[in-house]
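Student: I am new to this structure and would like a close look at a single part of it. Please take one stretch of the chain and explain how it sits among its surroundings.

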Amino acid sequence: MNEQLWDVYEQTCMIELQPLSKFVRRVRSGEHGIFSREDVRALLRQVQDNMLAMIHLKASEGTQYADQQEDVALETERMFEQLYQQLDGDAGS
């Protein structure tokens, strides 16, 4: 995992509380330096895995989350598909 890219993610999403789509947009613009598409994809996969693990953990607690687990997991998958498309789009810009 590219630690500099992870720092950009933490700054953008965890400190500034910006959505992942803004993180991808900022990285693609080169605002924080040049990162390979593969590094960004690896980071997004890690974040996605973390989110899905948290969804499953909350569902295992037997709370209202258990009823919503499948829907929330599917919505998370769709969100990440859109992020991957955003990352891959307009390769020249």
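**The loop after helix 1 and what lies around it**

Tutor: Helix 1 is followed by Leu 17, a residue with a positive phi, near 55°. The model is a predicted one, and this account looks at the part where helix 1 gives way to helix 2. Leu 17 has its place in the loop between these two helices. Most residues other than glycine have a negative phi. Leu 17 is not a glycine, yet its phi is positive, about 55°. Leu 17 also counts as exposed, because its relative accessible area is 66%, and the cut-off for exposed is over 50%.

Some background on the whole protein helps to place this loop. The secondary structure comes to four helices and zero strands, so the order of elements from the N terminus reads α-α-α-α. The C-alpha trace spans about 45 × 25 × 20 Å along its principal axes. The protein has 93 residues, of which 27% count as buried. Among contacts with a separation of 6 or more, 65% are between residues 24 or more positions apart. The protein exposes about 6100 Å², and carbon and sulfur atoms supply 49% of that area.

Now the helix before the loop. At the N-terminal end of helix 1, Asn 2 acts as a cap: one of its side-chain oxygens lies 3.0 Å from the backbone nitrogen of Gln 4. Further along, helix 1 has Leu 5, Val 8, Tyr 9, Thr 12 and Cys 13 as buried residues. These buried residues pack against helix 2 and helix 3.

Thr 12, which lies in helix 1, ties this helix to the loop. Thr 12 is buried because its relative accessible area is 0%, and buried means under 20%. Leaving out residues up to four places away in sequence, Thr 12 touches Leu 17, Gln 18, Phe 23 and Arg 26. Two of these partners belong to the loop: Leu 17 is placed between helix 1 and helix 2, and Gln 18 is placed there as well. Phe 23 and Arg 26 are among the buried residues of helix 2.

Gln 18 deserves its own look. With a relative accessible area of 25%, Gln 18 is partly exposed, whereas Leu 17 at 66% is exposed. Apart from neighbours within four places in sequence, Gln 18 is in contact with Thr 12, Cys 13 and Arg 26. Thr 12 and Cys 13 are among the buried residues of helix 1, and Arg 26 is one of the buried residues of helix 2. Gln 18 therefore has contacts with residues of both helices that its loop joins, given that contact means heavy atoms within 4.5 Å.

On the other side of the loop comes helix 2, residues 20–29, where Leu 20, Phe 23, Val 24, Arg 26 and Val 27 are buried. Seen down the axis of helix 2, these residues fall within an arc of 165°, so they line one face of the helix. The general reason for such a pattern is that an α-helix has 3.6 residues a turn, so residues three or four places apart point the same way. The buried residues of helix 2 pack against helix 1 (3–15), helix 3 (37–60) and helix 4 (65–88).

Ser 29 also belongs to helix 2. Ser 29 counts as exposed because its relative accessibility is 54%. The side chain of Ser 29 reaches the backbone nitrogen of Glu 31 at 3.3 Å. Between Ser 29 and Leu 52 there are 28 Å in space, C-alpha to C-alpha, and the two are 23 residues apart in sequence. Helix 2 is followed by Gly 30, which has a positive phi near 80°.

To sum up the part in question, the loop between helix 1 and helix 2 holds Leu 17 and Gln 18. Leu 17 is exposed and has a positive phi, while Gln 18 is partly exposed. Thr 12 of helix 1 touches both Leu 17 and Gln 18, and Phe 23 and Arg 26 as well.

Methods:
Residues numbered from 1 in each chain as written. Predicted model: local features only at pLDDT ≥ 70, side-chain atom pairs only at ≥ 80, totals over all residues. Heavy atoms only, no water. Buried < 20%, exposed > 50% of the residue type's maximum accessible area, 1.4 Å probe, protein only. Arc of directions from axis to C-beta. Areas by Shrake-Rupley, 256 points an atom, 1.4 Å probe, with all protein chains shown as cover. Polar contact = N/O pair within 3.5 Å; in protein donor to acceptor, adjacent residues only side chain to side chain.
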